[in-house]
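I opened the model today to look up how its parts are arranged, and I am keeping these entries in the sequence in which I went through it.

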Amino acid sequence: MRRFPEFMENVVAVEEAGDGVSRWTIKGPAGREVTLVNRITEKVPGESIYWQSTPDSDIANSGEVRFADAANGRGTYVSLILAYEPPGGTLGRLGAKLLQREPEVQARR
């Protein structure tokens, strides 16, 4: 996880806090940084990881990432399902989308 900032442009840092908890610092709208504190709730080795935010997180979120082998040894398919409550509700989500800081936009990149 610590290498995520190397290939995810909006991730500033990822720190493992122990006991399945990680602290993610990400770029938010208007040059602001946001901290997500998440706990892994389930892990199926080589298949999937599920998480839920803790009360210490700036944004309530949950999700899962799934991995599947591509045909003929051509790599790995990765899929992401993410749910979150944007600060500022619908207006906050729209602002983040316009500034290219909305998670859906960031994940697509």
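**Entry 1: Val34**

I began with Val34, which I found in strand β3, the stretch of residues 33-44, and I kept in mind throughout that this is a predicted model. I looked up its accessibility and noted that Val34 counts as buried, because its relative accessibility is 4%, and the cut-off for buried is under 20%. Not counting residues up to four places away in sequence, I listed Trp24, Thr25, Ile26, Gly28, Asp58 and Ile59 as the residues that Val34 touches. For one of these, Trp24, I also looked up the backbone separation: its C-alpha atom is 8.1 Å from that of Val34, and the two residues are 10 apart along the chain.

**Entry 2: the overall layout**

I then stepped back to the whole chain, where I counted three helices and six strands, which follow the pattern α-β-β-β-β-β-β-α-α when read along the sequence. Of the 109 residues in the protein, 28% are buried. For the accessible surface I noted a value of about 7500 Å², with 51% of it belonging to carbon and sulfur atoms. Among contacts with a separation of 6 or more, I noted that 14% are between residues 24 or more positions apart.

**Entry 3: the sheet**

How are the six strands ordered in the sheet? I found that they form an open sheet in the order β1-β2-β3-β4-β5-β6, with antiparallel pairing. The edge strands are β1 (11-18) and β6 (76-84), each of which pairs on one side only. I also noted that neighbouring strands of this sheet are turned by 25° against each other on average, with direction ignored. As a reminder to myself, strands of a sheet pair through backbone hydrogen bonds, either parallel or antiparallel.

Looking at one pairing in detail, I found that β1 and β2 (residues 21-27) are joined in the antiparallel sense over six bridges, and that Glu16 stands opposite Ser22 in β2.

**Entry 4: the nonpolar core**

Which residues make up the largest nonpolar core? I listed eight residues in all: Val11, Val14, Trp24, Ile26, Val34, Leu36, Ile59 and Tyr84. The elements that give two or more residues to this core are β1, β2 and β3. In soluble globular proteins, nonpolar side chains tend to be buried together.

Since Val34 was already in my notes, I added another member of this core, Leu36, which touches Ser22, Arg23, Trp24, Ile26, Ser57, Ile59 and Asn61 when residues up to four places away in sequence are not counted.

**Entry 5: the loops**

I went on to Asp19, whose place is in the loop between β1 and β2, and noted that it has a positive phi of about 55° although it is not a glycine. Asn72, in the loop between β5 and β6, likewise has a positive phi, of about 60°, and it is not a glycine either. Is Asn72 buried or exposed? I found Asn72 to be exposed, because its relative accessible area is 76%, and exposed means over 50%.

Thr54 is in the loop between β4 (48-53) and β5 (61-69), and I noted that Thr54 is buried, with a relative accessible area of 14%. Leaving aside neighbours within four places in sequence, I found Thr54 in contact with Val37, Asn38 and Arg39.

**Entry 6: the salt bridges**

How many salt bridges are there? I counted two. In one of them, Arg39 is paired with Asp19, the closest N and O atoms being 3.3 Å apart. Arg39 lies in strand β3 and Asp19 in the loop between β1 and β2, so this pair ties together parts that are 20 residues apart in sequence. For the accessibility of these partners, I noted that Arg39 is partly exposed at 34%, whereas Asp19 is exposed at 70%.

The side chains of Arg66 and Glu64 also meet in a salt bridge, at 2.4 Å from N to O. Here I found Arg66 partly exposed, with a relative accessible area of 42%, and Glu64 buried at 14%.

**Entry 7: Ala17**

My last look-up was Ala17 in strand β1, which counts as exposed at 54% relative accessibility. I noted that its C-alpha atom is separated by 9.5 Å from that of Arg39, a residue 22 positions away along the chain.

Conventions
Residues are numbered from 1 along each chain as its sequence is written. This is a predicted model: local features need pLDDT of at least 70, side-chain atom pairs count only at pLDDT 80 or more; totals for chains, interfaces and linings use all residues. Side-chain values use heavy atoms; hydrogens and water are left out. Helices (H or I, at least four residues) and strands (E, at least two) are DSSP runs, numbered from the N terminus. Buried means under 20% relative accessible area, exposed over 50%, partly exposed in between (1.4 Å probe, protein chains only). Contact means heavy atoms within 4.5 Å. Accessible areas come from the Shrake-Rupley method with a 1.4 Å probe; for residues, only the protein chains shown count as cover. Two strands pair if DSSP finds at least two bridges between them. Axes are lines fitted to C-alpha atoms, for helices over the stretch in contact, and angles run from 0 to 180 degrees between N-to-C directions. A nonpolar core is a set of buried Ala, Val, Leu, Ile, Met, Phe, Trp, Tyr and Cys residues joined through side-chain atoms within 4.5 Å. A salt bridge is a side-chain nitrogen of Lys or Arg within 4 Å of a carboxyl oxygen of Asp or Glu.
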